[in-house]
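Let's take a friendly walk through a protein chain, from its overall layout down to single side chains. Have a look at the sequence and the structure first, and then read on.

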Amino acid sequence: MNPFIVADAMKCIGCRTCEVACVVAHQECWPVDADGFIPRIQVVKGDTITSAVACHHCEDAPCANVCPTQAIRRESGRIAVDQQYCIGCKSCMLACPFGAMQVVVQQGRAQAIKCDLCQHRDNGPACVEACPTQALMCVDVEKRRQQTFYIA
């Protein structure tokens, strides 16, 4: 099972700190300005509850299955988007059961973006680290199994 970010709606206060942390962590990919504020995690607000939604890095990823150019694929234990092959067709957006895919236009080119678990960061996902209420957690079943195996 791939690692993914899970949100505890009982702890989430809807502050959007996770979104800001995500954008700042990816500022080398996208310029941080009014048009470049594109978080890879989204806070969803209901009448009485808020929660964050991010890519679940599905084992049999529907987004990857429908991608006509194979721009979305499994890579290093996660589902990744290779921008050089993405044509911005939005098939991945329609296929994602969590609404975690976005297609944005940057520099005149449509591109799919989604949570990449901050693979470029040694400390893991920036959103998890920044959440003031610890409502976010990166679940990694494989690491947990290995830790349990070594402890037992």
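Among contacts in the chain between residues at least 6 apart in sequence, 58% join residues at least 24 apart. Keep in mind as you read that this is a predicted model.

**The overall layout**

The chain has 152 residues, and 41% of them count as buried. Its accessible surface comes to about 8,800 Å², with 54% belonging to carbon and sulfur atoms. If you trace the fold, you will find five helices and eight strands. Along the sequence they follow the pattern β-α-β-β-α-β-β-α-β-β-α-β-α.

**Inside the protein**

In soluble globular proteins, nonpolar side chains tend to be buried together. Here the largest nonpolar core has 29 residues, and I41, I72 and L136 touch the most other members. The elements that give two or more residues to this core are α1 and α2.

What does I41 touch, once residues up to four places away in sequence are left out? Its partners are C18, E19, C22, A52, V53, A54, C127 and L136. Three of these names, C18, E19 and C22, come back in the list of buried residues of α1, together with A21, V23 and A25. The helix α1 spans residues 17-25. Among the elements that cover its buried residues are β2, β3 (50-53), α4 and β8 (136-139).

**A patch on the surface**

Some nonpolar side chains also show up on the outside. V20, V24 and F37 make a nonpolar surface patch of about 240 Å². You can find F37 in the loop between α1 and β2 (42-45). Is F37 buried, partly exposed or exposed? Its relative accessible area is 36%, so F37 is partly exposed.

**Charged partners**

The model has five salt bridges. Three of them are listed here, each with the distance between nitrogen and oxygen.

| Salt bridge | N to O distance |
|---|---|
| R16 and E19 | 3.2 Å |
| D116 and R40 | 3.7 Å |
| R73 and D82 | 2.8 Å |

The pair of D116 and R40 links distant parts of the chain, with the two positions 76 residues apart in sequence. D116 lies in the loop between β7 (109-113) and α4 (126-130), while R40 lies in the loop between α1 and β2. D116 is buried, because its relative accessible area is 15%. R40 is buried too, with a relative accessible area of 11%.

The pair of R16 and E19 gives you two settings in one salt bridge. R16 has 33% relative accessibility, so it counts as partly exposed. E19 has 6% relative accessibility and therefore counts as buried. In the pair of R73 and D82, R73 is partly exposed, with a relative accessible area of 32%.

**Following one cysteine**

Now pick out C55, in the loop between β3 and α2 (62-66). With 7% relative accessibility, C55 counts as buried. Which residues is C55 in contact with, leaving aside its neighbours within four places in sequence? They are F4, I5, A100, K114 and C115. One of these contacts shows how the chain brings separate stretches together: C55 and A100 are 45 residues apart in sequence, yet 5.0 Å apart in space, C-alpha to C-alpha.

**Cysteines without bonds**

A disulfide is a covalent bond between the sulfur atoms of two cysteines. How many disulfides does this model have? The count comes to zero.

Why does C63 form no such bond? The closest cysteine sulfur to that of C63 is in C55, and it is 5.8 Å away, so the two are too far apart for a bond. For comparison, the cut-off for a disulfide is a pair of sulfur atoms within 2.5 Å. C63 is buried, with a relative accessible area of 7%.

C92 tells a similar story. Its closest cysteine sulfur is in C89, at 6.2 Å, which is too far for a bond. C92 is buried as well, with a relative accessible area of 7%.

**A last look**

Go back to the structure and find I41, one of the residues that touch the most other members of the largest nonpolar core. Then look for F37, which is partly exposed and helps to make the nonpolar surface patch.

Key: Residues are numbered from 1 along each chain as its sequence is written. This is a predicted model: local features need pLDDT of at least 70, side-chain atom pairs count only at pLDDT 80 or more; totals for chains, interfaces and linings use all residues. Side-chain values use heavy atoms; hydrogens and water are left out. Patches are made of residues with over 30% relative accessible area and no salt bridge: like charges are joined within 9 Å, nonpolar side chains (Val, Leu, Ile, Met, Phe, Trp, Tyr) within 5 Å. Accessible areas come from the Shrake-Rupley method with a 1.4 Å probe; for residues, only the protein chains shown count as cover. A salt bridge is a side-chain nitrogen of Lys or Arg within 4 Å of a carboxyl oxygen of Asp or Glu. Helices (H or I, at least four residues) and strands (E, at least two) are DSSP runs, numbered from the N terminus. Buried means under 20% relative accessible area, exposed over 50%, partly exposed in between (1.4 Å probe, protein chains only). Contact means heavy atoms within 4.5 Å. A nonpolar core is a set of buried Ala, Val, Leu, Ile, Met, Phe, Trp, Tyr and Cys residues joined through side-chain atoms within 4.5 Å.
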